[in-house]
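Let's take a friendly walk through a protein model together. Have the sequence and the 3D view ready, and turn the model as you read.

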Amino acid sequence: MLYALVLDARDWKCPRPLIETKLALRRLSPGQKMRLIISDSGSKQDIPKWLSSAGFEYALMPLHDEVMEIIILKRELDV
């Protein structure tokens, strides 16, 4: 699958992954997808909560060794 942006935040601690995710989503155009890779336990809770509250469409996929992938779709409503 092609992503407009891949953000590997495995080495970052909360709150940096959330801040960088918000900044990255601003750069996407409607219809584009972003792949986010995280391992920080706080971020694995905070980012999905924020995505839900902001109305983003996303999918969570556990990868391995405490690593999670989040695929985020930017829609017209998210502009």
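This report starts with the whole chain and then moves to strands, rings and charges.

## The whole chain

What you see is a predicted model. The protein chain contains 2 helices and 4 strands, and if you follow the elements from the N terminus, their order is β-α-β-α-β-β. Try tracing that order on your screen before you read on.

How much space does the chain take up? Along the principal axes, its C-alpha atoms fill a box of roughly 35 × 25 × 15 Å. The radius of gyration is 11 Å, which agrees with the value near 12 Å that a compact globule of 79 residues would have. Of these 79 residues, 38% are buried. There is also a story in the contacts: among those between residues at least 6 apart in sequence, 61% join residues at least 24 apart.

## Strand E4 and its partners

Strand E4 covers residues 68-73. Are its residues mostly covered or open? They are mostly covered, as 6 of the 6 residues are buried. One side carries Met68, Ile70 and Ile72, the other carries Glu69, Ile71 and Leu73, and both faces are covered.

Which strands pair with E4? Strand E2 (residues 33-38) runs antiparallel to E4, and 6 bridges join the two. Here Leu36 has Ile70 of E4 as its bridge partner. Strand E3 (residues 57-62) also pairs with E4 in the antiparallel sense, over 6 bridges. In this pairing, Tyr58 stands opposite Ile72 of E4.

## The hairpin and Met61

E3 and E4 form a hairpin, with 5 residues between the two strands. Look for Asp65 in the turn: its phi is positive, at about 45°.

Met61 is a good residue to pick out in strand E3. With a relative accessible area of 33%, Met61 is partly exposed. Leaving aside residues up to four places away in sequence, Met61 touches Met68, Glu69 and Ile71. You can also compare Met61 with Ile37: the two are 24 residues apart along the chain, and their C-alpha atoms are separated by 9.6 Å.

## Rings

A pair of aromatic rings is described by the distance of the centres and the angle of the planes. How many aromatic pairs are there in this model? The count is 1. This pair is formed by Trp50 and Phe56, with 5.4 Å from centre to centre and 35° between the planes, and it is tilted. Tilted is the right word because the angle is neither under 30 degrees, which would count as stacked, nor over 60, which would count as edge-to-face. Phe56 is buried, at a relative accessible area of 11%.

Another ring has a charge over it. The charged end of Arg16 sits over the ring of Trp12, at 3.9 Å from the ring centre.

## Salt bridges

Side chains of opposite charge can pair when their charged atoms come close. The structure holds 4 salt bridges. One of them links Arg10 and Asp8, whose closest N and O atoms are 2.5 Å apart. Both ends are partly exposed: Arg10 has a relative accessible area of 33%, and Asp8 has 37%.

Arg16, which you met over the ring of Trp12, also forms a salt bridge with Glu20, at 3.7 Å from N to O. Where do these two residues lie? They are 4 residues apart in helix H1 (residues 16-27), so about one helical turn separates them. Arg16 is partly exposed at 40% relative accessibility, and Glu20 is partly exposed at 26%.

A further salt bridge joins Glu69 and Arg35, with 2.2 Å between the closest N and O atoms. Glu69 belongs to strand E4 and Arg35 to strand E2, so this pair ties together parts that are 34 residues apart in sequence. Is Glu69 buried or exposed? Glu69 has 7% relative accessibility and counts as buried, whereas Arg35, at 23%, counts as partly exposed. The reason is the cut-off: buried means under 20% relative accessible area.

Technical notes:
Residues are numbered from 1 along each chain as its sequence is written. This is a predicted model: local features need pLDDT of at least 70, side-chain atom pairs count only at pLDDT 80 or more; totals for chains, interfaces and linings use all residues. Side-chain values use heavy atoms; hydrogens and water are left out. Buried means under 20% relative accessible area, exposed over 50%, partly exposed in between (1.4 Å probe, protein chains only). Two strands pair if DSSP finds at least two bridges between them. Rings of Phe, Tyr and Trp (its six-membered ring) pair if their centres lie within 6.5 Å; planes under 30 degrees apart count as stacked, over 60 as edge-to-face and the rest as tilted. A charge sits over a ring if NZ of Lys or CZ of Arg is within 6 Å of the ring centre and within 35 degrees of the ring normal. A salt bridge is a side-chain nitrogen of Lys or Arg within 4 Å of a carboxyl oxygen of Asp or Glu. The radius of gyration is taken over C-alpha atoms; the globule rule is 2.2 Å times the number of residues to the power 0.38. Contact means heavy atoms within 4.5 Å.
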